[in-house]
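Please consider the model shown below. The explanation after it proceeds from strand pairing to helix packing.

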Amino acid sequence: MDKIRLKNFRDAMKTAAASLVDSPFREITLVHHNDTDGITSGAILRQSLMRAGFATENIPIERVHPAFLPAIHTPERRLILYADLGGQAADVISRHIPDGSRVMILDHHLPAEGSFPRLLQVNPEQFGIDGDRECAAAAVACCFALALSGEYEDLAALAVLGAVGDHQMAEGRCDGLNGFLLKMAVRNGDLIPGCADAANPYLFPRFQNRNLQEADQFLSALAVNGYYRRGADLALDACLKGPDDRALAFSVELAGIQRERFGRELTRIHRTGLGRDGEIVWTDVEDRFYPLGLKAIGLFCEEIIRDGAADGDHYVVGFQRFPGENPYLGRFSGRETKVSFRVTPGLKCSIERGERPDLMRLVPQAVHQVGGFAEACHRFAAGCTIPEERKTDLIRLLSDIATECSSAGLTAS
Ligand SMILES: [Mn+2]
């Protein structure tokens, strides 16, 4: 990464940090993702802004849901900072900002097209820095912290942990801004190199000498699995002070809950079978995974595949009901379902040979037609949200589109 791009990014961050410090307000709300990159971002921002004299409030969320925005953007919240999400929702966010409030988005996902004058965005992608590889959200947050004060180098270790959570460290190496912060953390003794595992060579003394991957798994157990019991609060504290007994016990308890819920659901599937429509197999756990976060259904689809319950060449679809209450934002009306998509190993081979359509070809089209929206869509894994009453329609559409693709003679695209 060349020096010019880095300098432009850091200059923009200086301007952004100065605009907060110069504002008359000293209370700030931090809205961020609940995965490891989001949690470390939230922790870095909390710590640096507290040192700079702000009172902070963290609101970890699973995603930007339009229904959350009125609950987030109340007139009392004059300063709101989004981290690790928000860039792609800048349009809808900007429509909820009350007069006299300031909103800043520090994201690393490719931002939405267009300009949104009611808010300020600082995103590495705007400066030619690759947000998928060179700069996790935690690195963005850490640059913001270093713009507040060059003395906050101790936060760099958390930035590297965020990069690991987002799979931006490969074979123990980081590129770009992630790599810059990794060097900083090692130089300051906040990460210790030399662990025997070549893929995970750094130990994090604050996390009781876990390596970075173990620290990532620990944060996920708290903040992702334990989201609906406010486990994200424990994860944020663990980032800043190290895991305490309560956090350790909670992570063990949540792992137990996941085992129990998944086991019970698999038993049910062995008894009654999966739903089937052409190449689609599906299951609906309704609210039986509560209090596990909404990532659980994707993990469970993978479990179904490992277990062999979806043998053969199939698209595997799982539904998990969206809880009507968010632990940080209260109750919401409207009934929605999270949907996760995976493929069996046999189908994956057919897709790779260009014989069957991948999920990017199948999912967005079908989801759009039932009035839902795709959250993340990759070739072999995808997730979305749809209205509760459209589940059957979605399965029907997926099956029809898959069939059309075969009769139309699928060409690799
Ligand atoms: Mn991220």
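The following paragraphs treat a set of paired strands and then a pair of helices.

The structure is a predicted model. A convenient starting point is strand 4, which spans residues 102-106. Four of its five residues are buried, so strand 4 is largely enclosed by the rest of the structure. Burial here denotes a relative accessible area under 20%.

Strand 4 pairs with two other strands. With strand 3, residues 79-83, the pairing is parallel and extends over five bridges. Within this pairing, Leu79 is positioned opposite Arg102 of strand 4. Strand 4 is also joined to strand 5, residues 120-121, by two bridges, and these two strands likewise run parallel. Here Ile105 has Gln121 of strand 5 as its bridge partner.

The second topic is the packing of helix 8, residues 212-225, against helix 10, residues 245-272. Their axes come within 9 Å and cross at roughly 70°. Because angles of 65 to 115 degrees count as roughly perpendicular, helix 8 is described as roughly perpendicular to helix 10. The crossing of the two helices is left-handed.

Which residues of helix 8 and helix 10 meet at this crossing? On the side of helix 8, the participants are Phe218, Ala221, Leu222 and Asn225. Helix 10 contributes Ala247, Leu248, Phe250, Ser251, Leu254 and Gln258. Sorted by class, the contact between helix 8 and helix 10 comprises seven nonpolar and three polar residues, with no charged residues.

Technical notes:
Residues are numbered from 1 along each chain as its sequence is written. This is a predicted model: local features need pLDDT of at least 70, side-chain atom pairs count only at pLDDT 80 or more; totals for chains, interfaces and linings use all residues. Side-chain values use heavy atoms; hydrogens and water are left out. Axes are lines fitted to C-alpha atoms, for helices over the stretch in contact, and angles run from 0 to 180 degrees between N-to-C directions. Angles under 35 degrees count as roughly parallel, over 145 as roughly antiparallel, 65 to 115 as roughly perpendicular and the rest as oblique. A crossing is left-handed if the near helix is turned anticlockwise from the far one by less than a right angle, and right-handed if clockwise. Contact means heavy atoms within 4.5 Å. Ala, Val, Leu, Ile, Met, Phe, Trp, Tyr, Cys and Pro count as nonpolar, Asp, Glu, Lys and Arg as charged, and the others, Gly among them, as polar. Buried means under 20% relative accessible area, exposed over 50%, partly exposed in between (1.4 Å probe, protein chains only). Two strands pair if DSSP finds at least two bridges between them.
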